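These are my notebook entries from one sitting with a single structure. I set down each item as I looked it up.

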Amino acid sequence: ITGVASSTVQDALNHVAKRTCELEDVAFAFGPDPKNPQPISAPNVVEAMLSALGLKPGDKVLDIGTCSGWVAGLLGRLEENGKVISIELLKELADIARNSLEKLGIMNVEVRNGNGLLGCEEEAPFDAIHVGGAFPGGLPATFLAQLKQGGRIVISLDFENMSAEREQVGLPSGATQALFLFEKTNDKSDPLSIEHSDVIQFPLMPISFVKLVNDDFTNVIIR
């Protein structure tokens, strides 16, 4: 699997961390908002996810689950000549992330408040989609429909109460989630149909993510 050089992602991590330390009043990145406790992804996990996306200069990226804005800020740093649309379900978190990104000088990220599983049809198609939460058992069809041919999605899939699927993925005992990379290799007449969109999936690693909330989990294309 080819992707962004690890050193490039590390540079983005270091830049955002440095700017965060310079702006002590910014409620950003390395600690969840105390009013809305939200787990954040470990730097090594974020590095793996962003590297797998294979971002290129000028790409348009959809980020689902803004939370504090950490990953959105990293995507903005990596895509200085591109655009990032980041969607957060909780309005208060979206407002905090938007303010933090502005203070950090990351101006190419647009934070929206809404249901991430609807994607962002008016900005589609996207070159890459990053999902910052676990989805039960399969890839949401909406994401595939809004992805360009050759585009990539990185998402954590949750296989709780799905023993056969856990065994098929090769999860170790006790693990219920795995990080996946999906690549869209063909785009025909009906992108919502698996018969008309060829998708390659790569299981990357066992993982533990917060589950997506308040969303419609019936819109699944790949199991």
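**Entry 1: overall content.** I began with the secondary structure and found 6 helices and 9 strands in the chain. The model is a predicted one. I then took burial across the chain, and 49% of its 223 residues count as buried. For contacts with a separation of 6 or more, I recorded that 66% join residues 24 or more positions apart.

**Entry 2: confidence.** I looked up the mean pLDDT of the chain, which is 77, with 72% of the residues at 70 or more. Residues 21–32 fall below 50, and I noted that the model nevertheless gives this stretch 26 contacts beyond near neighbours in sequence. A further stretch under 50 covers residues 191–196, with 17 contacts beyond four places in sequence. Where pLDDT is low, the predicted coordinates should not be read in detail. I therefore leave the contacts of such stretches uninterpreted, as low pLDDT advises against a detailed reading.

**Entry 3: nonpolar cores.** Which residues have the most contacts inside the largest nonpolar core? I listed Leu50, Leu53, Leu55, Leu75, Val109 and Val154, in a core of 28 residues. At least two residues of this core come from each of α2 (43–52), α3, α4 (91–103), β3, β4 and β7 (177–184). The largest share belongs to α3, which supplies 6 residues. Another core lies apart from this one; I counted it at 24 residues, including Leu62, Leu117, Leu157 and Ala178. In soluble globular proteins, nonpolar side chains tend to be buried together.

I followed leucine 53 separately. Setting aside residues up to four places away in sequence, leucine 53 touches Leu75, Ala128, Ile129, His130, Arg152, Ile153 and Val154.

**Entry 4: helix α2.** I checked how far α2 is enclosed. The helix is largely enclosed by the rest of the structure, because 7 of its 10 residues are buried. I wrote these down as Val45, Val46, Glu47, Met49, Leu50, Ser51 and Ala52. After α2 comes glycine 54, for which I read a positive phi near 65 degrees.

**Entry 5: strand β7.** I asked which residues lie on each side of β7. Gln177, Leu179, Leu181 and Glu183 are on one side, with Ala178, Phe180, Phe182 and Lys184 on the other, and all are buried. The strand is thus recorded as mostly covered, with 8 of its 8 residues buried. In a regular strand the side chains alternate between the two faces of the sheet.

I then looked up the pairing of β7. Strand β6 (residues 147–158) runs antiparallel to β7 and is joined to it by 7 bridges. Within this pairing, serine 156 stands opposite leucine 179. Strand β8 (residues 199–206) also pairs with β7 in the antiparallel sense, over 7 bridges. Here I noted isoleucine 200 in β8 as the bridge partner of glutamate 183.

**Entry 6: arginine 112.** I located arginine 112 in strand β3 and examined its side chain. One polar contact, at 2.5 Å, reaches the side chain of glutamate 122. A polar contact of 3.4 Å links the side chain of arginine 112 with that of glutamate 123. Leaving out neighbours within four places in sequence, I found arginine 112 in contact with Ile85, Ser86, Ile87, Glu88, Ala94, Arg98, Cys120, Glu122 and Glu123.

**Entry 7: cysteines.** How many disulfides does the structure hold? I found 0. Cysteine 120, which is among the contacts of arginine 112, counts as buried because its relative accessibility is 2%. Cysteine 67 is also buried, with a relative accessible area of 12%. I placed cysteine 67 in the loop between β1 (60–64) and α3 (70–78). Its phi is near 55 degrees, a positive value in a residue other than glycine.

**Entry 8: a cis peptide.** Where does a cis peptide bond occur? I found one joining alanine 124 and proline 125, with omega about 5 degrees. Proline 125 belongs to the loop between β3 (109–113) and β4 (126–136).

Notes
Residues are numbered from 1 along each chain as its sequence is written. This is a predicted model: local features need pLDDT of at least 70, side-chain atom pairs count only at pLDDT 80 or more; totals for chains, interfaces and linings use all residues. Side-chain values use heavy atoms; hydrogens and water are left out. Helices (H or I, at least four residues) and strands (E, at least two) are DSSP runs, numbered from the N terminus. Buried means under 20% relative accessible area, exposed over 50%, partly exposed in between (1.4 Å probe, protein chains only). A disulfide is a pair of cysteine sulfur atoms within 2.5 Å. pLDDT is the predictor's confidence in each residue, from 0 to 100. Contact means heavy atoms within 4.5 Å. A nonpolar core is a set of buried Ala, Val, Leu, Ile, Met, Phe, Trp, Tyr and Cys residues joined through side-chain atoms within 4.5 Å. A polar contact is a pair of N or O atoms within 3.5 Å; within protein, one must be able to donate a hydrogen and the other to accept it, and residues adjacent in sequence count only if both atoms are side-chain atoms. Two strands pair if DSSP finds at least two bridges between them.
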